[in-house]
Amino acid sequence: MKSHGRKSIQASVTPQDLIAGDQTLAGVWQATVLTLLPDAFPGVLGQSLTGKALKDGLWQLDAVDLRRWGEGRHRNVDDTPAGGGAGMVLRADILAKAIEDTRRPGPLIYLSPRGKPFDQAMARDLALGPGVTLLCGRFEGVDERVIEQYGIKEVSLGDFVLTGGEIAAQALIDATVRLIPRVLGNQASLEEESFSDGLLEHPQYTRPAVWNGREIPEVLLSGHHAKIADWRRAEAERLTKERRPDLWRAYTGRDSDEDQEL
Ligand code: SAH
């Protein structure tokens, strides 16, 4: 029945056991991934906090093999680029069938180096919705007409070229799923981390108090919460200003009334 597997990955014990038929849990955030490499999932998403949350049914993952809609004995899904050139392009008609058959509520995204750069704001928006359907390209990418036909949004992991969309899909899912309530356990850590208030995070330290002749900044050992908060804020501002002038401009622009001295 499922010659070219559909992997519904949800509540279970180990990553491979997470592959469990087509049922979906109502009201649970759902990632549907269209890929030529379904075995790459859940991958790192099956580990640690995201993996535990997957087993606990706080989110669901369905990695669907595009070859299911492939043609002929070899289940072909691609063909040579129109106009010539190296490589192969995923066919619009094949992708359209895959999209029609699998699409669930939530945006449809093609991971692509031409896309809008993925950021924390996108992760937050996605986490608030019902889920996402992700199309992973391979080879030279996908036929442009399928992007137009379905109004697919293109999202990039950054200005570099990956071999396929799978790593990008896992990064997008990881960043999003950790914002779903109860996935991280400690919600407070979300509020302080990088980007949550437009700044990079302050430096972190832990025991031993002295290592290699290097001490933990004294204020952090003072127990004085207000001073610690001030120090962290100042460090976050310093790092953002030094490393990310783009974020710093957005931050100072936004807060210009409060931060006159900046
Ligand atoms: N020829 C294409 C690149 C194809 S790379 C170009 O020059 O734009 C093959 C696939 O990897 C793409 O279809 C896309 O799904 C994925 N990919 C590559 N780089 C990516 C990036 N920076 N972000 C997200 N997906 C990426």
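Select Val-33 and Leu-134 to start: Leu-134, in strand S7, is the bridge partner of Val-33. Keep in mind that you're looking at a predicted model. Now widen the selection to the two whole strands. Strand S2 covers residues 29–35, and S2 and S7 pair in the parallel sense over five bridges.

**Stop 1: the other neighbour of S7**

Leave S7 on screen and add strand S6, residues 108–117. S6 and S7 also pair in the parallel sense, over four bridges. Click on Ile-109 and look across to S7: the bridge partner of Ile-109 there is Leu-134.

**Stop 2: S7 by itself**

Select residues 131–136. Is S7 enclosed by the rest of the structure or not, and why? Six of its six residues are buried, so S7 is largely enclosed by the rest of the structure. Here's a handy bit of background: in a regular strand the side chains alternate between the two faces of the sheet. Try colouring S7 in two sets. Gly-131, Thr-133 and Leu-135 go on one side, while Val-132, Leu-134 and Cys-136 go on the other. Both faces are covered, with the residues on each side buried.

**Stop 3: the nonpolar core**

Go back to Val-33 and show what it touches. Setting aside residues up to four places away in sequence, its contacts are Phe-41, Asp-62, Ala-63, Val-64, Leu-134, Cys-136 and Ala-169. Which residues have the most contacts inside the largest nonpolar core? They are Val-33, Leu-134 and Leu-135, and that core has 43 residues. Helix H5, residues 166–177, gives the most to this core, with five residues.

**Stop 4: helix H5**

Select H5 and try a ruler check. At 1.5 Å a residue, its 12 residues should span 16 Å, and the end C-alpha atoms are 16 Å apart, so the two agree. Then colour the buried residues of H5: Glu-166, Ala-168, Ala-169, Gln-170, Leu-172, Ile-173, Thr-176 and Val-177. You've met one of them already, since Ala-169 is among the residues that Val-33 touches.

**Stop 5: around the ligand**

Show the ligand next. How many residues surround it? There are 18, and the closest are Leu-111, Gly-137, Leu-162, Gly-165 and Ala-168. Ala-168 is also on the list of buried residues in H5. Strand S6 supplies the largest share of this shell, four residues. Colour the shell by type and you'll get eight nonpolar, seven polar and three charged residues.

**Stop 6: helix H1**

Jump to helix H1, residues 48–55, and pick out Ala-53. Ala-53 is buried, because 20 other C-beta atoms lie within 10 Å. Leaving out residues up to four places away in sequence, Ala-53 touches Leu-58, Trp-59, Val-177 and Val-183. Val-177 should ring a bell: it's one of the buried residues in H5. Now draw a line from Ala-53 to Arg-182. They are 129 residues apart in sequence, yet their C-alpha atoms are 8.1 Å apart in space.

Lys-52 sits in H1 too. This one is partly exposed, with 13 other C-beta atoms within 10 Å. Draw another line, from Lys-52 to Leu-184: these are 132 residues apart along the chain, with 9.7 Å between the C-alpha atoms.

**Stop 7: backbone oddities in the loops**

Find Phe-41 and Pro-42, which are joined by a cis peptide bond with omega about 0°. Pro-42 is in the loop between S2 and H1. A second cis bond runs from Arg-207 to Pro-208, with omega near 5°. For that one, look in the loop between helix H6 and strand S9, where Pro-208 lies.

Next, check phi at Arg-75: it's positive, about 55°, although Arg-75 is not a glycine. You'll find Arg-75 in the loop between strands S3 and S4. Phe-139 likewise has a positive phi of about 55° without being a glycine. Phe-139 is in the loop between S7 and helix H4, and it counts as partly exposed, with 16 C-beta neighbours inside 10 Å.

**Last stop: zoom out**

Show the whole chain as a cartoon. Its secondary structure comes to eight helices and 10 strands. Of the 262 residues, 29% are buried. Finally, turn on the contacts with a separation of 6 or more: 74% of them are between residues 24 or more positions apart.

How values were computed:
Residues are numbered from 1 along each chain as its sequence is written. This is a predicted model: local features need pLDDT of at least 70, side-chain atom pairs count only at pLDDT 80 or more; totals for chains, interfaces and linings use all residues. A nonpolar core is a set of buried Ala, Val, Leu, Ile, Met, Phe, Trp, Tyr and Cys residues joined through C-beta atoms within 7 Å. A residue is buried if 20 or more other C-beta atoms lie within 10 Å of its own, exposed if 12 or fewer, and partly exposed in between; C-beta atoms are placed from the backbone. Two residues are in contact if their C-beta atoms, placed from the backbone, lie within 7 Å. A residue is near a molecule or strand if its C-beta atom, placed from the backbone, lies within 6 Å of it. Ala, Val, Leu, Ile, Met, Phe, Trp, Tyr, Cys and Pro count as nonpolar, Asp, Glu, Lys and Arg as charged, and the others, Gly among them, as polar. The expected span of a helix is 1.5 Å times one less than its number of residues. Two strands pair if DSSP finds at least two bridges between them.
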